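Work through the exercises below with the sequence and the model at hand. Each task sentence is followed by a solution in steps.

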Amino acid sequence: MFIEPQPHEFHAYLKWDCSHLENPLRSYFGLNSLQKEHDFETHGRLRTGTEIDGKEWTVEFGFKGCGIAPRDDPSFRLDEVREYQIYVYPSAYSSYKGAKDDARKRAHFLISPRWPGIESAEGFRPMSNPCSIEGYDVDVLGSNWQFERYPEVLQAALASLAERQGFRFNSPTPIHPEDFAPRDIHSSSNIVDAELYVRVAEGTTGRVFAFDGILHRISLLLSGDREGYAKTVRDDRECPGQYHTATIDSMRARELIGGHSLSKEFKHYHVRNPDAVAGTVLENPKIGVSFQNKIHNDTLYWDDRDQLIRELDEALLNVLEWSDIPTRPDSQYYVADDYFEVTGSGRWRKILRYRLPRIEQKQDDLVFGAASRMNSTDAELVDTLLTDGGATSPKKLARTIGVHLDTVYASIRRLSPLVKHTYGDVQLASKYIAQEVTGYIDSVKESINKGLEGALDALFRAETHGKQADPWTRWLDQYGGNITRTEGTDPDQLDVGFSPSTVDEAKRLLRSGALRWAEVTGEPLRQFGFEFAPVVKLVDGTRYRLEGFHNAFGKPG
C-alpha cells in the first residue's frame, strides 16, 4: 500500500465538437443570452450557486473580448464574439480571488467558440482550430480537484447558470450542459499542467532540499552540460526549504525512471508567508511533482491521463523513497490538510531503491575510468570543455588544442560516454561529471607530463608479471601500478600512479584492482589485502597507506 497523493494545480484545454447537433453553437448563444439579461455594469459578475459532492459552491459568470472575427454565416447573428468566464469556488468566500489567495479548491473555465475556417479580428494574432471542430474550446484552470472531475464541475456550473435564465427574457436561448459531457471530449484536448503532492512533517524533509539532497542531485546527475534541459531553483529567504525545484526534460525523465517520458518538475515548498501559519498544519511543507509542458516536445492529450497520473505518482514515490520518507501512510511523517489525507491505496508502482546512488556510482566510474586512460589530447579536450562556456564543435576543439580534426574525433570516441557528441556539438555528459572531472584534470595532466601515462614500460610489465593481456596486468597498466617486492612474509608494496580525489575513490580503485587480481590468480578476494600494501597519492598530494585493506572484503570463505 502506497501513500495516496493529492492532486494540486491543473491546467488543460478541453474541446467539444458538436457538429452532430442541428445547432452546434447553441450553448454559446445561450451564454450570450444570459449575458444580455444581466446588468454587469451595475452588479458585476452574475453570481449563483451549485452543490457538488454535498458542498455548496459559488458560481460566477462573466465575459471578455477575444479577438475572434464574427462568423460569416447567416446563423451567426452576433456583431462581436466574446469568451465566457465561469468561476467555481467555496461559498464561504466572497470572491474567487479570495479563495485563490487561500489556496482553496476552485476551478475557472474560459469558454470560446470554434468553427471551421475561424478567423481573427483585425489586429489580433491568427486563430487556431487545427481539427476544424464546430463547438467549443474551454481553457480549464483549477486546483485540488481530481483531474477527471473538471468536466463534471463545468457541467454542474453550466446547469446552475441555465437555471438563472429567464429572469428578464420570456424566451431566452437555453444553455445545454449536456453539450459538455465528459464522454464527448474531443481527442485533441490536451493537458498543460498537473501536479500531485503530499504534505510532510516539518523537520523530516531535509534530505529532499539539502544542498546535496535529492532535488539537487536529480538536476545535477541528470543534466547534460550543454544538452537537453535541466534547472534548479533554491530559495530559502523566508525559511529553510522555502521553495526548491529540480526540472528535467523528457530525455532525463527516461534516464531517471525507465518507461517515463514526461518532462517534470520536482518540488519542495512552503506557503508564501510561513510565519503566518506557524502552529497550523500549513507550516508543514509539501513535496510535489508536476508535468512541465513548456519543455515537453510532445502533446499530452486528455486521454493520456492514466500515463500522467502514473508518472507523477511514481516520480513522487521514488523521491520519498530516496529521501528516507516512508512510501506508506505514516502519521509520524505525513500531515493531513483540508485536501490531502494520510491514507493509502494498493496500486502497482515502480520503486527504484537506491536509484540515485547507482546513477552517481555509474558516473563516478565513468570519470574514474576515463581519467586514468587519458592521453595528452584527451586531457586538453576535457580541460577545454570545462572552461568553454559555449557550444563547442570538433573543429573549434581542434583549433584550440592545436591538433588535427581526426585526432579530436578519435579522442571523443575514447572518452565516450564521459563526453557526448551530438548535432555537431561536443559536451560533457552531465553537470555532475563536469564537477567531478574538475578534481582529476590537473592531476591527469601532471601525470602525463611526468611520463606516467603508461606508468611502466609494457615490455617490462610483460616480463615481470606475465602476459599483458590478463585483467590484472591491464589494471596495473591502466592505473600506473608499481609493485615493489618485499622480503619475508610482509606484503608487497603497491604504489598507484593514478591520483583519486578522495579516500573513498581510492578504496573503490583498489577494490577494482583486487577483483582483477582475484580473477587472474583464483585466490579469494580478501587475500589481496595480505599480498599487497597499497599506497595511493590523492589529488591534494596526501599519501594514504591503507592499512588492514583486507578487512574491506570480509571474512575468508
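Two strands pair if DSSP finds at least two bridges between them. Helices (H or I, at least four residues) and strands (E, at least two) are DSSP runs, numbered from the N terminus. The model is predicted: local features need pLDDT of at least 70 and side-chain atom pairs count only at pLDDT 80 or more, while totals for chains, interfaces and linings use all residues. Residues are numbered from 1 along each chain as its sequence is written, and side-chain values use heavy atoms, with hydrogens and water left out.

**Exercise 1. The sheet**

Task: give the strand order of the open sheet of 11 strands and state which strands stand at its edges.

Solution.
Step 1. The order is β3-β4-β5-β6-β7-β2-β8-β12-β11-β10-β9, and the pairing is antiparallel.
Step 2. The edges are β3 (46-52) and β9 (230-235); each has a single partner strand, so one side of each is left without a neighbour in the sheet.
Step 3. From one strand to the next the twist averages 15° (axes are lines fitted to C-alpha atoms, for helices over the stretch in contact, and angles run from 0 to 180 degrees between N-to-C directions).

**Exercise 2. Bridges from β3 to β7**

Task: for β3 and β4, β4 and β5, β5 and β6, and β6 and β7, find how many bridges join the strands.

Solution.
Step 1. β3 and β4 are antiparallel, with 7 bridges; T48 stands opposite V59 in β4. Their hairpin has 2 residues between the strands, and D53 takes a positive phi near 55° there.
Step 2. β4 and β5 run antiparallel and are joined by 9 bridges. F61 has I86 in β5 as its bridge partner.
Step 3. Between β5 (residues 82-90) and β6 there are 5 bridges, again antiparallel, and Y84 stands opposite I111 in β6.
Step 4. β6 and β7 are antiparallel with 9 bridges. Here A107 is partnered by G142 in β7, and S112 stands opposite D137 in β7.

**Exercise 3. Burial of β6**

Task: decide whether the faces of β6 are covered or uncovered.

Solution.
Step 1. Apply the cut-offs: buried means under 20% relative accessible area, exposed over 50%, and partly exposed in between (1.4 Å probe, protein chains only).
Step 2. In a regular strand the side chains alternate between the two faces of the sheet.
Step 3. One side of β6 carries R106, H108, L110, S112 and R114, the other A107, F109, I111 and P113; all are buried, and both faces are covered.
Step 4. In strand β6 (residues 106-114), 9 of the 9 residues are buried, so the strand is largely enclosed by the rest of the structure.

**Exercise 4. Aromatic pairs**

Task: classify the pair W57 and W145 and state which parts the pair ties together.

Solution.
Step 1. Rings of Phe, Tyr and Trp (its six-membered ring) pair if their centres lie within 6.5 Å; planes under 30 degrees apart count as stacked, over 60 as edge-to-face and the rest as tilted.
Step 2. The whole structure holds 20 aromatic pairs. For W57 and W145 the centres are 4.9 Å apart and the planes are at 40°, a tilted pair.
Step 3. W57 is in strand β4 (residues 55-65) and W145 in the loop between β7 (135-143) and α4 (150-164), so the pair ties together parts that are 88 residues apart in sequence.
Step 4. Both rings belong to buried residues: W57 has 7% relative accessibility and W145 has 1%.
Step 5. Ring pairs also link a cluster made of Y28, F29, F40, F61, F63, F76, Y84 and W115.

**Exercise 5. Helix α11**

Task: find where the buried residues of α11 lie around the helix axis.

Solution.
Step 1. In helix α11 (residues 394-401) the buried residues are P394, L397, A398 and I401.
Step 2. Seen down the axis, these residues fall within an arc of 100°, so they line one face of α11; the arc is that of the directions from the helix axis to the C-beta atoms.
Step 3. The face turned away from the buried side carries the exposed residues K395 and R399.
Step 4. Just after α11, G402 has a positive phi of about 85°.
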